[in-house]
Amino acid sequence: MKGGRYPQFVVSKSMEKRKIKSIVKGRPTVDGAGVHLVRVLSINTVEDFDPWLMLDSFDSRNPRDYIAGFPPHPHRGIETITYLIEGEMEHKDNLGNKGIIKNGESQWMTAGSGIIHEEMPTPSKRMLGVQLWLNLPQKDKMTHPKYFEITNEMIKEVKTDFGKVRVVSGEYEGVAGVKGDYVDATILDLLIDKDQSAVVNLPPKDNAFVFLLEGNAVIDSTNCDTKSAVLLGPGSAVEIRAKDGALRALICSGEPLKEEVSWGGPIVMNTKEELKLAFEELEKGTFIKENAID
């Protein structure tokens, strides 16, 4: 992975601001071995939010909500992106990889042909962050599984008139974050001060949404509540105004794949036959195709 993918955009009055297509409100649920979270994007939003599959939001000051974690489970056909603003999470897999995602850091995992891993949050003053699932193109579904650790040193921070932007991936005002190997995705973490507005330029070809992690916002003259994903229509920029206090929001975008999706639990393929084969291989013990990660 590397930084940069398109030239710096310049804000101008002639730029077409994106309008709201739809708003998805997150709902509380329990996953893993008993982790309380808010599920925002899921199987019902796949077509509209392509190439983004899932978004889970974590926000708790009570370790009992999350310390049960996510014991060993399989993935195939996707990339998972964990971004922790506060908290720590230990991870390891069947191939011997292990590590810790710390405050303000991210981990980009390519499941590819198949991996079995576990994620175990450790008790913290607060667990705040998200996990995103990014679909892999059909031609790359069975690629080599691998990890990419995105440390604090790799996440550039840009001070602005409205607050601050952390560039996890993609680009903001000429400052580059990391670049995915398969889907060129943008993930920006915006901290917008009370009563301030941010205008952010995005690649016009990208499908984009705003996730309101903390606080409420006004987008396209519409009041949008916290823990909502606001899907944007076509255009080259989005304007977000903090409402009722400071706002923390993620902007996520990527060029849609426009491919068939067959989704079953932790596995996402293109056809029912491929999905059935994956679960048959899990039962037979032939799911894992790799002995080591590049």
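What volume does the largest pocket have? About 330 Å³, and I'll come back to its walls in a minute.

Quick housekeeping before that. This is a predicted model, so local features need pLDDT of at least 70 and side-chain atom pairs count only at pLDDT 80 or more, while totals for chains, interfaces and linings use all residues. Residues are numbered from 1 along each chain as its sequence is written, and side-chain values use heavy atoms, with hydrogens and water left out.

Okay, the pocket. By pocket I mean, on a 1 Å grid over the protein atoms alone, an open set of points where a 1.4 Å probe fits, with protein on both sides within 12 Å along at least five of seven lines; a lining residue has an atom within 4 Å of a point. Grid points are joined across faces, edges and corners, and the volume is the space filled by probe spheres set on those points. There are 17 lining residues, and Asp31, Arg39, Met54, His75 and Trp133 lie nearest the centre. As for elements, β4, β5 and β11 each put two or more residues into that lining. Strands here are DSSP E runs of at least two residues and helices are H or I runs of at least four, numbered from the N terminus.

Now the sheets. There's an open one of seven strands, in the order β2-β3-β4-β11-β6-β9-β12, with antiparallel pairing; two strands pair if DSSP finds at least two bridges between them. At the edges you have β2 (27-31) and β12, each with a single partner strand, so one side of each has no neighbour in the sheet. From one strand to the next the twist averages 25°, taking axes as lines fitted to C-alpha atoms and angles from 0 to 180 degrees between N-to-C directions. Inside this sheet, β6 and β11 run antiparallel and are joined by eight bridges. If you want a spot to look at, Leu84 stands opposite Gly129 in β11.

The other sheet I want to show is open too, with four strands in the order β5-β10-β7-β8 and antiparallel pairing. Here β5 (70-75) and β8 (98-101) are the edge strands, each with a single partner, so again one side of each is left without a neighbour in the sheet. The pairing of β5 with β10 (residues 115-122) is antiparallel, over four bridges. His75, which we just met by the pocket centre, stands opposite Ile115 in β10.

On to the inside. The largest nonpolar core has 31 residues, and Trp52, Leu132 and Phe209 touch the most other members. A core here is a set of buried Ala, Val, Leu, Ile, Met, Phe, Trp, Tyr and Cys residues joined through side-chain atoms within 4.5 Å. Buried means under 20% relative accessible area, exposed over 50%, and partly exposed in between, with a 1.4 Å probe and protein chains only. Of the contributing strands, β11 gives the most, with four residues. Phe209 has contacts (heavy atoms within 4.5 Å) with residues including Leu41, Phe49, Trp52, Leu132 and Leu250, leaving out residues up to four places away in sequence.

So which residue shows what the inside of β11 looks like? Take Val130, in strand β11 (residues 127-135). Why does Val130 count as buried? Because its relative accessible area is 1%. Beyond four places in sequence, the contacts of Val130 include Leu55, Phe58, Ile81, Tyr83, Phe211 and Leu213.

For contrast, look at Lys19, in the segment before β1 (20-25). Lys19 counts as exposed because its relative accessibility is 54%. Not counting neighbours within four places, Lys19 contacts Asp220, Leu231, Leu232 and Gly233.

Last, some backbone oddities. Asp50 and Pro51 are joined by a cis peptide bond, with omega about 15°, and Pro51 is in the loop between α1 (46-49) and β4. Then there are positive phi values outside glycine: Asp195 is near 65°, in the loop between β17 (186-192) and β18 (197-201), and exposed at 53% relative accessible area. Ser221 also has a positive phi, about 60°, and is found in the loop between β19 and β20 (222-224). Ser221 is exposed as well, with 77% relative accessibility.

That's my tour.
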